[in-house]
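I opened the model to look up how the protein meets its DNA. I also looked up one pair of helices.

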Amino acid sequence: MAQDIYSSINPAQLEAVRHEGGPLMVVAGPGTGKTRVLTSRIAHMIKARRICPEQILAITFTNQAASEILKRVSKWLGLGSGQDTIGQHHRVIPTVATFHGWALSYLKSLPGIQTRAPIDQRDAKDIVREACRHYGIPTRKAKGYYQAISRAKQQFPPSMEGEGEEARAVFAYYQDYLARFRLWDFDDLILEALRMLHDGENAREFRMKSPFILVDEFQDVSPAQYQLTRSMAGTNSEITVIGDPNQAIYGFRMASPRFLKDFAIDFPDTRRIYLSTSYRCPQVFLDAASAVLEPEGEHLNASSGIKTKIQIMGFKDPAREARWIASTIEKLVGGMSFDSINDGTAQGTDFRSLSDLAVLFRARRLGKEIAKALGRRGIPFQEASRPDPLSGKDLRMLWRIYEILGNRAVEHHLARLPGDPATWKARIEKISREHKGANRSELLERLLDFSGIDIKDPAIQGILGKIAKAPEDWPLTLVFQREADLLMTRIEAVSLLSLHASKGLEFPIVFIAGCEDGIIPWHGSDLEEERRLFYVGITRASERLFMTYANKRMLFGKTVRAQRSRFIDGIPADKFETIKHRARARRKKSRQRSLF
DNA sequence: TACTCGAGTGTTTTT
DNA sequence: CACTCGAGTA
């Protein structure tokens, strides 16, 4: 078991795994084994250094990442599946949680604190809308104000600086509403945990209990999360941050690669380790990616010997672009590669699996055209957009009843159940009285009789089962969120993803569509961040990379002429080949074929 | 409660 | 152009 922790690990990775005694920063470019280092390091701490797992806290941004890390660590330690990260652990395992999940359990663990009930984004938006109505502001402005409020609350203390009178009024109403009904939104979880750790005594106690902290994807931390990290760890403690400043693409939600730099200043004895061997991307792609952004840190070296160039194609319009992508995909999955026919090494088995392929684009709507083209050819595809687990009307109702039963934000939820709040109140009181001593999921099941929800629906049954297993008073917002992540199935289909959604993923064959000025880089966006976004896209590919663009595109009802992305012009000419579509290619048959 | 219709709006996304 | 949202109607 234990030797797996170190097998086929490179010297830099090993150094990161074994570092002891002070702050550590691991700068890990695409495919350099970031997760490998993180999980090996945790396993090493426990197995070799005999650190008690309870003293280790690993923080991630998504539940999916958290469960992936926990799974790998548990396997190395022989701890079984380690699925259950919420609530009490039956075995001693390290805590792996999201910032928000950790913050909530920390707040709950503090003696004498009055916790509030977490609400999700939809309720938060509803409250903002209500604030607008209250002030006679047109509700169409609610979305913008909600975003402004959330941005404000990424900072500590929250700041509406630069916002107008109206926005401030809405903010005040919103905050007041949360206080009145004893609610926390997602941002509050971070802010409140931070507020608690400001108390010297709390901080000292926490640092003693959890002296080993690891934070993944550190380039994505918000100002508040950065401060939280600082409060959690003393400047000399053994805190590990892992990230890649070149992949910081969440500026619009106040994240910044700046914090990775600040870290080394705020923790002066930080040992920096750069992972510079990419086990994913061919050198050509790495070089091209570097060229678009003049990356920070060391130049990346490819371990792969693949020599394929990037293939760039222009089209008259997005429909042709989409059709070409679809037909190329069909060829790639449908049969033998033309390559192998051409160079005589035909094996006859060079099929690509659909899940080896991804099409990336800057904005969701740009994927529509491609989805249509794939659909017409009957090629299965999978779009990234996961439905919000609490989006269904029924599930929302169920959630509200559950929260009321748990005595959380009762008035807030009663007012939002369909029908008359007083009737619901009476109903809930009656049922609770009649079934004294019954557990919460039993009560919930009885109350669902009044809701018109079909209890026999397998989805509802599944949720009820989860509730029965979840810790007594855990708010469902987080339970649902986790379940939705864990239920993500990997089906045999082409992935259609936004560039943002592609971060952290890897595919042998990648298409980046809509590589046009105005799209990539997006008109009016921060150019440096757009560069990093393109960098992320390029570095998803492990074998083949296509970039396509259209010379005109319909956006907002207007057809605009478009030019090839200026980022492509920054790529050295020997890294790619441009292929002319159809009309030209037909005459140069062999040239076209060499594509495949 | 469920619909139609017109106005208005247009990245990226997690918890 | 397509979609969402909210007001208004059945």
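**Entry 1: DNA strand C**

I looked up DNA strand C and found Arg129, Thr139, Met554, Phe556 and Gly557 around this strand; a residue is near if one of its heavy atoms lies within 4 Å. Of the atoms of DNA strand C that come within 4 Å of the protein, 43% are sugar and phosphate. This is a predicted model, where local features need pLDDT of at least 70, side-chain atom pairs count only at pLDDT 80 or more, and totals for chains, interfaces and linings use all residues. Residues are numbered from 1 along each chain as its sequence is written, chains are lettered from A and ligands numbered from 1 in the order in which they are written, and side-chain values use heavy atoms, with hydrogens and water left out.

I checked arginine 129 for a polar contact (a pair of N or O atoms within 3.5 Å). An N or O atom of the arginine 129 side chain sits 2.9 Å from a phosphate oxygen of DNA strand C. By class, I get 2 nonpolar, 2 polar and 1 charged residue on the surface near DNA strand C. Here Ala, Val, Leu, Ile, Met, Phe, Trp, Tyr, Cys and Pro count as nonpolar, Asp, Glu, Lys and Arg as charged, and the others, Gly among them, as polar.

**Entry 2: DNA strand B**

How many residues surround DNA strand B? I find 24, and the closest are Asn63, Gln121, Arg362, Arg364 and Ser498. Sugar or phosphate holds 52% of the DNA strand B atoms within 4 Å of the protein, and bases hold the rest.

I then looked up individual atom pairs. The side chain of glutamine 121 has an N or O atom 3.0 Å from a base oxygen of DNA strand B. For arginine 362, a polar side-chain atom is 2.4 Å from a base oxygen of this strand. Serine 498 has a side-chain N or O atom 2.5 Å from a phosphate oxygen of DNA strand B.

Helices H15 (364-376), H21 (476-486) and H22 (499-502) each give at least two residues to the surface near DNA strand B. I take helices as DSSP runs (H or I, at least four residues), numbered from the N terminus. The surface near DNA strand B divides into 9 nonpolar, 8 polar and 7 charged residues.

**Entry 3: H10 and H11**

I looked up Pro223, Tyr226 and Arg230 in H10; they meet Phe259, Asp262, Phe263 and Asp266 in H11, with contact meaning heavy atoms within 4.5 Å. That contact has 4 nonpolar, no polar and 3 charged residues.

Definitions and conventions: Polar contact = N/O pair within 3.5 Å; in protein donor to acceptor, adjacent residues only side chain to side chain.
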